[in-house]
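Dear colleague,

Please find below the structure that I am handing over to you. My notes on what was found in it follow directly after.

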Amino acid sequence: MPRIAIVDREKCNPTSCGNYLCMRVCPVNRKGENCIYKNEGKAGIDEGLCIGCGICVNKCPFEAIDIINLPEELENPIHQYGRNGFHLYNLPTPIFGKVVGILGRNGIGKSTALKILSGLLKPNLGDWKENKEASYDDLIEYFKGTESQLFFEKLKQKKINIAYKPQQVDLIPKAEKGTVKQLLEKVDEKGQLEAIAKKLDIENILENDIKKISGGELQRVAIAATVLKKANLYIFDEPSSYLDIKQRIKISRFIRSLADKDTAILLVEHDLIVLDYLTDLIHIMYGKEDAYGIVSTVKATRTAINSYLEGFLREENIRFRDHTIKFGSGPPLKSTSQNIITGWKEIEKKLGNFKLKAPEGNICRKDVIGILGENGIGKTSFIKMLAGEIEPDKGNISEGIKVSYKPQYLKSESDELVATVLKQAIDKYSKTIINPLNIKPLITKQLNQLSGGELQRVSIALCLSKEADLYLLDEPSAYLDVEQRLVISKIIKELMEDKGKTALIVDHDLLFIDYLSQKLLVFDGQPAVKGEAKGPFIMEKGMNVFLEDLNMTFRRDPESNRPRANKEESVKDREQKAEEKYYYV
Ligand code: SF4
Ligand code: SF4
């Protein structure tokens with residue numbers, strides 16, 4: 001049976017474990033062979049000698065070792081990050097005329113796969129010792145008889161030009177300077193700057209400094225910069241982050257429109273509603289976080305998402321999760337709490353040219369309230385008023401309550417250790433917050449060494465572990481994968497119930513909000529001009545208010561119960577609108 005041994009070099013600490021404890025307990029070493037050996041100050045494992053007993057995995061006090069038995073049919077990886085490093089098996093296949101999605105956990109190799117396809121990373125076909133860089137001929141041979149063989153043949157013949165939008169758009173302002181227009185002019189190979197800017201609603205910010213635009217604007221600028229390049233394979237790594245739902249749907253339609261017989265689209269996306277709406281086909285990626293990732297065969301979108309939720313790939317006969325992710329078929333149970341912790345009446349507030357109104361509403365203890373609304377419509381300003389950080393111009397808010405706030409944009413410049421920042425959480429909430437968020441592997445890292453998803457998990461843990469009456473989390477789903485989003489939903493729900501506290505969650509992932517909330521506060525108006533807070537409503541009413549404004553309806557998938565966006569003007573869309581049932585049918 002093929003076997004891989006992973007040693008996390010950051011966690012391995014031979015001086016603190018009692019001088020290479022693993023070497024002393026390994027039965028192969030005890031017989032005199034060098035299965036585990038000293039490798040540049042850390043442990044190294046010879047996969048050829050390892051018998052897979054798992055003793056070292058259990059004995060290592062720092063959880064630095066992973067030994068994984070792989071399915072027989074897996075041969076050489078397409079890429080391996082060094083000795084005892086991450087292994088990637090297979091690659092997704094771009095298909096001309098189609099939008100192909102990739103769905104899988106973080107740390108499973110999605111970005112590595114995209115980097116290989118886009119030419120940013122030369123794969124080594126598992127031959128890390130010689131620092132091999134596979135040639136096109138090697139890759140054609142490796143993928144012989146598959147769609148990928150054709151792809152690499154075309155790549156070799158220079159028939160494929162690739163444009164790639166990276167995941168972390170917030171890094172762009174650190175690397176670029178000047179206005180949005182100057183940045184886009186540099187990459188405008190098609191001469192379509194104005195037309196694309198109009199389609200992506202960024203015409204009004206073309207003269208703005210790239211360092212001063214919001215996350216949602218940056219995302220659309222990054223998408224514009226990608227599609228302005230002359231390419232026939234466009235790759236998008238998480239195109240929906242920072243966008244509100246209206247923008248997500250608009251971007252989805254735009255990206256779909258790029259696929260034609262000469263153009264292929266490949267993308268990674270964690271918002272299941274967007275992924276479902278946007279793609280024709282999906283590859284599921286499964287394996288073990290930071291250890292190995294396998295790309296499945298390509299499947300029709302609906303089947304792929306349902307298989308993913310089920311945790312089972314029928315064609316491959318592989319169960320990659322021991323439980324199914326389930327959705328309820330109707331609105332969640334109504335909140336029973338009547339214990340009001342704060343409320344407001346006839347609030348008005350002017351912020352520059354922006355006007356915010358909130359007619360009347362109350363928030364009760366133990367409520368988990370989802371907040372939906374476009375970007376720039378006053379959601380955060382409203383919360384700051386509830387927290388007493390800013391005063392309304394008119395109207396009343398009951399006395400200020402103590403708020404713990406996780407902002408939308410997370411700062412990571414600090415070199416403080418995660419263990420220091422989360423000391424209180426580690427002491428008090430190990431079981432309820434730290435373990436489910438899988439923070440332990442991060443505690444010896446500095447904040448400025450964390451990836452987007454890791455920083456998000458740390459920030460959520462920090463916010464939830466503070467003492468407060470009201471917990472406000474602004475976009476907690478950004479950079480998290482589908483499973484992490486659902487884990488967070490569970491943590492928040494349970495904590496609010498146990499602590500008798502209240503949470504307000506601003507997010508644009510409708511499925512996440514549906515999974516998590518008992519009530520909805522809906523903001524509508526005109527971004528940067530005016531906004532009005534409506535509710536909190538029970539879920540059914542709130543979804544109807546929100547989606548009527550968006551002019552969109554959703555249905556439930558009969559197999560998984562997950563919500564799916566209806567195509568505009570489809571029979572279901574017309575029927576549901578006539579009955580004013582926009583979400584729960
Ligand atoms: Fe010690 Fe664990 Fe490193 Fe082995 S892997 S040397 S047991 S810290
Ligand atoms: Fe040695 Fe067993 Fe660990 Fe393999 S799994 S390295 S045989 S202790």
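One salt bridge is found across the interface of domain 3 and domain 4. Please keep in mind that this is a predicted model. The salt bridge joins the side chains of R556 and D514, with 3.7 Å from N to O. The same interface also holds seven residue pairs in polar contact, with both residues of each pair at pLDDT 80 or more.

On the side of domain 3 that touches domain 4, two elements give two or more residues each: helix 20 (510–516) and helix 21 (539–550). Helix 21 contributes the most to this side, with eight residues. By class, the residues on this side of domain 3 are six nonpolar, one polar and four charged.

It may help to place these two domains in the whole protein. The domain assignment lists domain 1 (3–69), domain 2 (167–231), domain 3 (340–550) and domain 4 (551–585). The centres of domain 3 and domain 4, taken over C-alpha atoms, are 27 Å apart. In the contact between them, domain 3 takes part with 11 residues and domain 4 with 11 residues.

How much area is buried between domain 3 and domain 4? The value is about 990 Å², and carbon and sulfur atoms give 58% of it. Of the area that domain 3 buries against domain 4, D514, N544 and L547 supply 42%, more than any other three residues. D514 is thus named twice in these notes, as it is also the partner of R556 in the salt bridge.

I turn next to the ligands. Ligand 1 is surrounded by C12, N13, C17, Y20, L21, C22, A43, C60, F62 and I65. This shell consists of nine nonpolar residues, one polar residue and no charged residues. Around ligand 2 there are 13 residues, of which C26, C50, C53, G54 and C56 come nearest. The shell of ligand 2 divides into 11 nonpolar and two polar residues, again with no charged residues.

Two details of the backbone also deserve a look. The peptide bond that joins G535 and P536 is cis, with omega of about 5°. P536 lies in strand 23, which covers residues 530–538. The other detail concerns K158, which has a positive phi of about 60° although it is not a glycine. K158 is found in the loop between helix 6 (147–156) and strand 8 (162–165).

With kind regards

Key. Residues are numbered from 1 along each chain as its sequence is written. Chains are lettered from A and ligands numbered from 1 in the order in which they are written. This is a predicted model: local features need pLDDT of at least 70, side-chain atom pairs count only at pLDDT 80 or more; totals for chains, interfaces and linings use all residues. Side-chain values use heavy atoms; hydrogens and water are left out. A residue is near a molecule or strand if one of its heavy atoms lies within 4 Å of it. Ala, Val, Leu, Ile, Met, Phe, Trp, Tyr, Cys and Pro count as nonpolar, Asp, Glu, Lys and Arg as charged, and the others, Gly among them, as polar. Domain bounds come from an automatic or database domain assignment. Contact means heavy atoms within 4.5 Å. Buried area is the accessible area (1.4 Å probe) that two parts lose on being put together, summed over both. A salt bridge is a side-chain nitrogen of Lys or Arg within 4 Å of a carboxyl oxygen of Asp or Glu. A polar contact is a pair of N or O atoms within 3.5 Å; within protein, one must be able to donate a hydrogen and the other to accept it, and residues adjacent in sequence count only if both atoms are side-chain atoms. Helices (H or I, at least four residues) and strands (E, at least two) are DSSP runs, numbered from the N terminus.
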